[in-house]
Amino acid sequence: MANARRGGRMTKADLIEQVHEAIGPGVTKRDCAAVVNAFLNAVKGAVVQGNHIEIRGFGTFKVRERRTRMARNPRTGDPVRVPQRKVPVFKPSRLLRDEVAASLENRG
């Protein structure tokens, strides 16, 4: 697998390659890239609009609001106020968490 050479990281190109291999010879790699890009754009568009996306057995993408907090400047140590903001988050499903845990137990 291509991502094994990069320390376990998977790029979008690797994802497209895996989709192409899973579908088989009937679909071109360019078509697979279009499907992957369309899916990612749909997820991104929904999250940007503040919508939640739930993919059963995989997880949920949503937007969370972080409260205002005090932090420290690492150079000077001075306190810095970090304003409230919205951030995208991914929460894996229980099924995905269990599969990851089982996989990691089998490795060790």
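I looked first at what follows helix H1, and there Gly24 takes a positive phi of about 105°. I noted that helices here are DSSP runs of H or I with at least four residues, and strands are runs of E with at least two, numbered from the N terminus. The model is predicted, with local features needing pLDDT of at least 70 and side-chain atom pairs counting only at pLDDT 80 or more, while totals for chains, interfaces and linings use all residues. Residues are numbered from 1 along each chain as its sequence is written, and side-chain values use heavy atoms, with hydrogens and water left out.

Next I checked the length of H1, taking the expected span as 1.5 Å times one less than the number of residues. The 12 residues of H1 (residues 12–23) should span 16 Å, and the end C-alpha atoms are 17 Å apart, which agrees. I did likewise for H2 (residues 29–48), where 20 residues should span 28 Å and the end C-alpha atoms are 28 Å apart, which agrees. After H2 I found Gly50, with a positive phi near 90°.

Then I asked how the two helices meet. The axes of H1 and H2 come within 9 Å and cross at roughly 120°, where axes are lines fitted to C-alpha atoms, for helices over the stretch in contact, and angles run from 0 to 180 degrees between N-to-C directions. H1 and H2 are therefore oblique to each other, since angles under 35 degrees count as roughly parallel, over 145 as roughly antiparallel, 65 to 115 as roughly perpendicular and the rest as oblique. Among the residues making the contact (heavy atoms within 4.5 Å) are Leu15, Ile16 and Val19 of H1 and Cys32, Ala33 and Val36 of H2.

I then singled out Ile16, which lies in helix H1. Is Ile16 buried or exposed? Ile16 is buried, because its relative accessible area is 12%, and buried means under 20%, exposed over 50% and partly exposed in between, with a 1.4 Å probe and protein chains only. Leaving aside residues up to four places away in sequence, Ile16 touches Lys29, Cys32, Ala33 and Val36.

In H2, I listed Cys32, Ala33, Val36, Val43, Ala46 and Val47 as buried, and the buried residues of H2 pack against H1 and strands E1 (53–55), E2 (59–66) and E5 (85–92).

Last, I turned to strands E3 (residues 69–72) and E4 (residues 79–82), which run antiparallel and are joined by four bridges; two strands pair if DSSP finds at least two bridges between them. Arg72 stands opposite Pro79 in E4, and the hairpin of E3 and E4 has six residues between the strands, with Gly77 in the turn at a positive phi of about 80°.
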